[in-house]
Amino acid sequence: MNNTLTITDNRTEKEYVIPIENDTVRAVDLRRIKVNDDDFGLMSYDPAYDNTAACKSKITFVDGNKGILRHRGYPIEQLAEKSSFLEVAYLLIYGELPGKEEHDYWNTRVMRHTFVHQAFTRIIEAFHYDAHPMGILISCIAAMSTFHADAKSIDDPAEREKQIFRILGKLPTLAAFAYRHAIGRPYNYPDSSRGYTENFLYMLDDMNERGYTVHPVSARALDILFILMSDHEQNCSASTMRAVGSSRVDPYSALAAATCALYGPLHGGANEAVVRMLEKIGSVSNVPAYIEQVKQGKMRLMGFGHRIYRHYDPRATIIKKTAYEVFEALGTNSLLDIALELERIALQDDYFLERNLYPNVDFYSGIILQSLGFPTAMFPVLFAIPRAAGWLAQWLEHIEDKEQRIARPRQIYLGEGARDYVPVPERADYRKWLESYAPSAG
Ligand code: CMC
C-alpha cells in the first residue's frame with residue numbers, strides 16, 4: 001500500500017505528496033502548500049480538537065463507536081471486576097500490572113505518603129465553611145508545590161516518582177480534610193493499615209465510634225468508581241495536564257490546572273450536575289416535560305452524550321451494575337427511578353438517537369455517591385482523586401516524549417490590520433461619550 005496522500009492545490013494547480021503514518025498526516029506537512037514564497041503555508045483549523053491528535057500514547061485506548069475502553073490493553077470490564085484502584089494506578093503509570101513485590105512496595109509507598117504537612121489544616125481553615133471542596137482541593141494541590149521544592153527536578157526519574165507517591169497518597173487526605181472542615185468536625189488522620197478507599201472513607205466518616213468499620217460494599221463500590229474514573233486518554237483535563245506540563249513546570253502546578261479543567265460541568269462537574277438535575281426534576285411524572293425542554297434546547301440532559309462515545313459509555317454499564325449492588329446493601333436511592341425513566345424515554349427518542357446521546361460515566365455515578373453518603377459538592381473531588389493517576393501517567397509520557405515541545409497552538413487572526421495609536425481626547429468614541437454626558441452633567 002502507498003502510504004501517502006496526494007493533495008492538489010486548486011489555487012496554484014500544484015500537487016503535493018504527504019506521508020501518512022498511523023492513519024494520520026502531520027499538520028506541519030501542510031505548511032509546504034503555499035501560494036507564493038511569502039505565504040506562511042496552509043494550516044489546519046480544528047477548534048475543540050475534533051480531529052487532531054496532539055500526542056502519541058500507549059496508555060488508554062478508546063473506540064467510541066464500539067464502546068471499548070482499555071488501559072494498557074486491559075479491558076475496563078476486567079479491571080473493574082478483578083483489580084483495585086491502586087493496582088490500576090500502577091498499571092497506568094508504569095505500563096504493566098505489578099508483580100507481588102512491586103505491588104507491596106507501591107502500596108506501602110503511596111500509603112506512607114498519606115500524611116500532609118500540618119500547615120494544610122491552617123490553609124483549609126482559611127476557607128469559609130461553605131467553600132466548594134473542589135476549590136479547596138485545587139488550592140491545596142497548588143500549595144503542595146511550595147512544600148516540595150524538589151518537585152521542580154522533573155528530569156530526574158526518582159524525583160518524579162517521589163511526587164507521584166506524594167500526590168496519590170495525599171489527595172484523599174486533603175479531600176477528607178476539606179469535607180470535615182465543611183461539616184465542622186475534627187480531622188481524622190490517615191490510617192495506612194487500611195486499603196486506599198477504605199482509609200479515605202474512614203477519614204471522611206469516623207466519629208470515634210466504638211469498633212468503627214467501613215462497610216466493605218462502600219469501600220469496594222468506591223474502588224470500582226475510582227478504577228472507572230482513573231483515565232480517559234486526551235480529554236479536557238488530561239490535555240490541560242500535558243499542555244501545562246509542557247512548560248516544564250512541577251507536577252503539582254500542572255495537576256492543579258488539570259483539576260481546574262475537571263471542575264467544569266461539561267467534564268468532571270457533570271456528576272454533581274446530574275444529581276442537581278434529578279433533584280430539580282423531583283418525580284418520575286415530571287420527566288417527559290423535562291425531556292421536552294431539553295429537546296427545545298433550554299438545557300442539556302446532564303450525564304448524557306460524549307465527544308468520543310457514540311454509543312453506550314462502557315463505564316456507565318459497569319456503574320449501573322455497581323449501583324444496584326450498593327442499593328441492595330445500603331438501601332435504594334429515591335433519584336434512581338427518575339434516572340431510569342429519563343434513560344428509558346431518552347433511549348427511544350429520535351432527538352437523542354439521531355445525536356448518539358447515551359448515558360455516560362456520570363449518569364449513575366452521582367446516584368451511587370449520594371447513596372454512599374457523600375454530599376453533592378464532593379462529587380467532582382471524588383473524580384479528581386482517581387483521575388490524578390491518569391494525569392500523572394499522561395504527564396510522564398508527555399515529558400519523556402522527544403517529539404514534544406512546549407504546547408503552542410496557532411490561530412487564524414481575523415482582527416484589525418496595523419493602525420496608529422490615537423490619544424484619548426482624539427478618539428471618536430471618547431468625543432461621542434463627552435457630548436452625550438455633558439448635558440446631564442449640568
Ligand atoms: N443533552 C442534550 N443535547 C445534547 C447533549 C445533552 N447532554 N449533549 C449534546 N447534545 C446535543 C447538542 O445540543 C448538539 O445538538 P445540535 O447538533 O442540534 O446543536 C449535539 O448534541 C452535539 O453536541 P456537542 O455539544 O457538539 O457535542 P460535544 O461532543 O461537543 O459534547 C459533551 C460532549 C459531553 C460536552 C456533551 O454531550 C454534554 O454537554 N453532555 C452533558 C454534560 C456531561 O454529561 N458531561 C460528562 C461527560 S463524560 C465525563 C467526562 O468527560 O468528564
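Visitor: Which helix does I124 lie in?
Guide: That would be helix 4, residues 119-125. Helices here are DSSP runs of H or I with at least four residues, strands are runs of E with at least two, and both are numbered from the N terminus. Keep in mind that this is a predicted model, where local features need pLDDT of at least 70, side-chain atom pairs count only at pLDDT 80 or more, and totals for chains, interfaces and linings use all residues. Residues are numbered from 1 along each chain as its sequence is written, and side-chain values use heavy atoms, with hydrogens and water left out.

Visitor: Why is I124 called buried?
Guide: Buried means under 20% relative accessible area, exposed means over 50%, and partly exposed is in between, using a 1.4 Å probe and protein chains only. I124 has 0% relative accessibility, so it counts as buried.

Visitor: Which residues does I124 touch?
Guide: Leaving out residues up to four places away in sequence, I124 touches I136, C140, L174, F177, A178, H181 and Y187. Contact means heavy atoms within 4.5 Å.

Visitor: C140 is a cysteine, then. How many disulfides does the structure hold?
Guide: Zero. The sulfur nearest to that of C140 belongs to C260 and is 13 Å away. A disulfide needs a pair of cysteine sulfur atoms within 2.5 Å, and C140 is in none.

Visitor: What about C236, and how far away is its nearest cysteine sulfur?
Guide: Again the nearest sulfur is that of C260, here 11 Å away, and C236 is in no disulfide.

Visitor: Are C140 and C236 buried or exposed, and how do you know?
Guide: C140 has a relative accessible area of 1%, so it is buried. C236 sits at 46%, so it counts as partly exposed.

Visitor: What makes a set of residues a nonpolar core?
Guide: The members are buried Ala, Val, Leu, Ile, Met, Phe, Trp, Tyr and Cys residues, joined through side-chain atoms within 4.5 Å. The largest one here has 119 residues, and W106, L168, F200, L301 and F374 touch the most other members. Helix 17 (residues 379-400) gives the most to this core, 14 residues.

Visitor: How do you know where this core lies with respect to domain 2 and domain 3?
Guide: Both domain 2 (69-267 + 372-399) and domain 3 (270-370) give residues to the core, so it lies between them. The domain bounds come from an automatic or database domain assignment, which also gives domain 1 (4-45). The centres of domain 2 and domain 3, taken over C-alpha atoms, are 26 Å apart. Across that pair, 28 residues of domain 2 are in contact with 23 residues of domain 3.

Visitor: Which residues does L168 touch?
Guide: With residues up to four places away in sequence not counted, L168 touches A89, I93, W106, V110, Y196, A388, A389 and L392.

Visitor: W106 and V110 turn up there. Which residues of helix 3 are buried?
Guide: W106, V110 and M111 are buried in helix 3.

Visitor: What puts those buried residues on the same side of helix 3?
Guide: Their arc around the axis is only 115 degrees, which puts them on the same side of helix 3. The arc is that of the directions from the helix axis to the C-beta atoms. As background, an α-helix has 3.6 residues a turn, so residues three or four places apart point the same way. The buried residues of helix 3 pack against helix 2 (85-94), helix 6 (157-182) and helix 7 (196-205). E101 and R112, on the other side of helix 3, are exposed.

Visitor: How do you know that the span of helix 3 agrees with its number of residues?
Guide: The expected span is 1.5 Å times one less than the number of residues. For the 13 residues of helix 3 (residues 100-112) that should be 18 Å, and the end C-alpha atoms are 18 Å apart, so the two agree.

Visitor: What is notable about phi of A48?
Guide: Phi of A48 is near 70 degrees, a positive value in a residue other than glycine. Most residues other than glycine have a negative phi. A48 lies in the loop between strand 2 (14-19) and strand 3 (60-63), and its relative accessible area is 51%, so A48 is exposed.

Visitor: And N356, what is its phi?
Guide: Near 55 degrees, again positive in a residue other than glycine. N356 is in the loop between helix 15 (350-354) and helix 16 (361-371). At 29% relative accessible area, N356 is partly exposed.
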